[in-house]
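Morning, everyone. I have one structure to walk through today, and I will keep it brisk. Please have a look at it first.

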Amino acid sequence: MQAITHVIIVTVDSNDTVIRDGMLLIDGTGFDYVGEMDAARIPRDADIMDCKGCYVAMPGLIDTHNHSSLIRGVDENLDLVDWLPVYDLEHRTCTPQDARQAYRLGYLECLLNGTTTVQDMHRHMDQAAIVAGEMGLRVFLAPYAADVPPYDFFETSDTNERLIKDWHGAFDGRVQVEAGIEDVFYSSDVMYRRALEMHEKYGVRIHTHGPEHPEEEDTAQTRFGMSITQLLAKRGMLGDFLSLGHCVPISERDMELIAQAGASICHCPISAAKLGCGTAPVKRMEEAGINVSLGSDGPIDNNSMNLFQEMKVASLMQKARYRDAKIFDARHMLRMATINGARSLGMEDSIGSLEAGKQADLIMVGLDHPSLRPVCWNETSTDTNLLWALVFAMQGNFVDTVIVAGKTLVRHGHLLTDDEDEILESAQAQGVDWMRRRNAAFNQLLAPIRD
Ligand SMILES: [Zn+2]
């Protein structure tokens, strides 16, 4: 049994309970107790970590839309539709060795920034399963599958099914495989049918891209005579097993369709802004009843994987879009980055909040940083300015400790389960080599999808 004592706990439970002098008991992989400090409950042989009131514990963050990569900061200043063909070159040239080092570097960055669960979409994802197994975080793997020529150099439905058979549920369930699909322009109706078959046969979830840039919706209207969401509905994809990346341009009618189906939207505010897509109408999505979680979209366009940044930017962009300072407050953002992410992955009964009976996925932040002080409490309640500090003043590298399924993966800001220096060196060498091969493939650059 592990006992974390005298710790401030931001539970993100259904009441957003904050505990000023709290205690966490971890038995194996899950929480045995989350509540007020109660020394009498601590077993005699427990490993005790006394936080002395100087640390805050909160649920591990959940990045629900990510594309691991070693290539970043090179495809800049491009709108999404012009950016995608350049991005495709990374996939034309991606080897299992490239993918392995991308997962190692990416998952290291995620963990050091407090992300304990990643929904990742990339290539050669058996490598992701192995890396996540070694490193200790939780992953949902959605292969980048595409079959419409000339985009048939991505993963296939067959490699997706093989990945499910080999890795779904591995490492005590920390590795989950999904049916992954690029989007309606890259993937045919045959591929969508195969994804549904895999969902029905293996019980796996489906993850794909919704509309990202307004130009894509224009092209969908020309090509298919309907919006991207309506095409997904026609292909039988809308259900509570589906999470959709982005959905920046989206009509009221399409939001209704997604809400009625119980599908989730993975909102990536930084990537949407950076690729010139705009700002998603998250306030309207939530009013329609859609569960909205957060995603980084990965290093290739973000250029980082830091959900603390994502929380802050998402809040500011909604306040600005609707000219309403009252919306998207700190509690709201903490929910989007944790329990909403869990719901988006069908995991709300296991992760996303700190509660007895759930898996022990948590992060601890030391309060010895100027931007987190002073910590003040309302003496008549557990209201504290600390919640606002965690969303608007927090840096990812303030995360001191990361625990997933009861196992400590990061302590004092450093990874315990692998060699950080070796990961950086290997990523450096592999990344430079991949970039050279990717640059040599520019003669295969495709035209943007634009009708
Ligand atoms: Zn994406």
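I will start with the whole protein, then turn to cysteines, backbone details and one helix.

One caution before the numbers: this is a predicted model.

Let's take the overall shape. The protein has 451 residues, and for that length a compact globule would have a radius of gyration near 22 Å. The protein comes in at 21 Å, so the value agrees with a compact globule. Along the principal axes, the C-alpha atoms fill a box of roughly 65 × 45 × 40 Å. The secondary structure is mixed: 15 helices and 18 strands.

How much of the protein is buried? Of the 451 residues, 61% count as buried. The exposed surface is about 16700 Å². Carbon and sulfur atoms supply 48% of that surface.

Now contacts. Take pairs in contact that sit at least 6 apart in sequence. Of these, 74% join residues at least 24 apart.

And charges. There are 40 positive and 67 negative charges in the protein. Their mean positions lie 2 Å apart.

On to the cysteines. A disulfide is a covalent bond between the sulfur atoms of two cysteines. How many disulfides does the model have? The count comes to zero. Look at Cys54. The closest cysteine sulfur belongs to Cys51, and it is 8.6 Å away, too far for a bond. The cut-off is 2.5 Å between sulfur atoms. Cys54 counts as partly exposed, because its relative accessibility is 31%.

Cys247 is in no disulfide either. Its nearest cysteine sulfur is that of Cys266, 8.4 Å away. Buried or exposed? Cys247 is buried, with a relative accessible area of 0%.

Stay with Cys247 for the backbone. Most residues other than glycine have a negative phi, and most peptide bonds are trans. Cys247 has a positive phi, near 55°. You will find Cys247 in the loop between strand S12 (242-245) and helix H8 (252-261).

Lys52 also has a positive phi, near 50°. Where is Lys52? It is in the loop between strand S4 (47-50) and strand S5 (55-59). Lys52 counts as exposed, because its relative accessibility is 65%.

Next, the cis peptide bonds. One runs from Pro149 to Pro150, with omega near 5°. Pro150 is in the loop between strand S8 (138-141) and helix H4 (157-167). Another cis bond joins Asn302 and Asn303, and here omega is about 20°. Asn303 is in a loop too, between strand S14 (291-294) and helix H11 (307-321).

Last stop: helix H3, residues 126-135. How covered is H3? It is mostly covered, with seven of its 10 residues buried. Which residues are these? They are Gln127, Ala128, Ala129, Val131, Ala132, Gly133 and Met135. Just after H3 comes Gly136, and its phi is positive, near 110°.

Let me recap. The radius of gyration agrees with a compact globule. The disulfide count is zero. Cys247 is buried and has a positive phi. Two places to find on your screens are the cis bond from Pro149 to Pro150 and the cis bond between Asn302 and Asn303. That's my tour. Over to you.

Note on methods: Residues are numbered from 1 along each chain as its sequence is written. This is a predicted model: local features need pLDDT of at least 70, side-chain atom pairs count only at pLDDT 80 or more; totals for chains, interfaces and linings use all residues. Side-chain values use heavy atoms; hydrogens and water are left out. Helices (H or I, at least four residues) and strands (E, at least two) are DSSP runs, numbered from the N terminus. The radius of gyration is taken over C-alpha atoms; the globule rule is 2.2 Å times the number of residues to the power 0.38. Buried means under 20% relative accessible area, exposed over 50%, partly exposed in between (1.4 Å probe, protein chains only). Contact means heavy atoms within 4.5 Å. Accessible areas come from the Shrake-Rupley method with a 1.4 Å probe; for residues, only the protein chains shown count as cover. Lys and Arg count as positive and Asp and Glu as negative; His and the chain ends are not counted. The place of a charge is taken as NZ of Lys, CZ of Arg, CG of Asp or CD of Glu.
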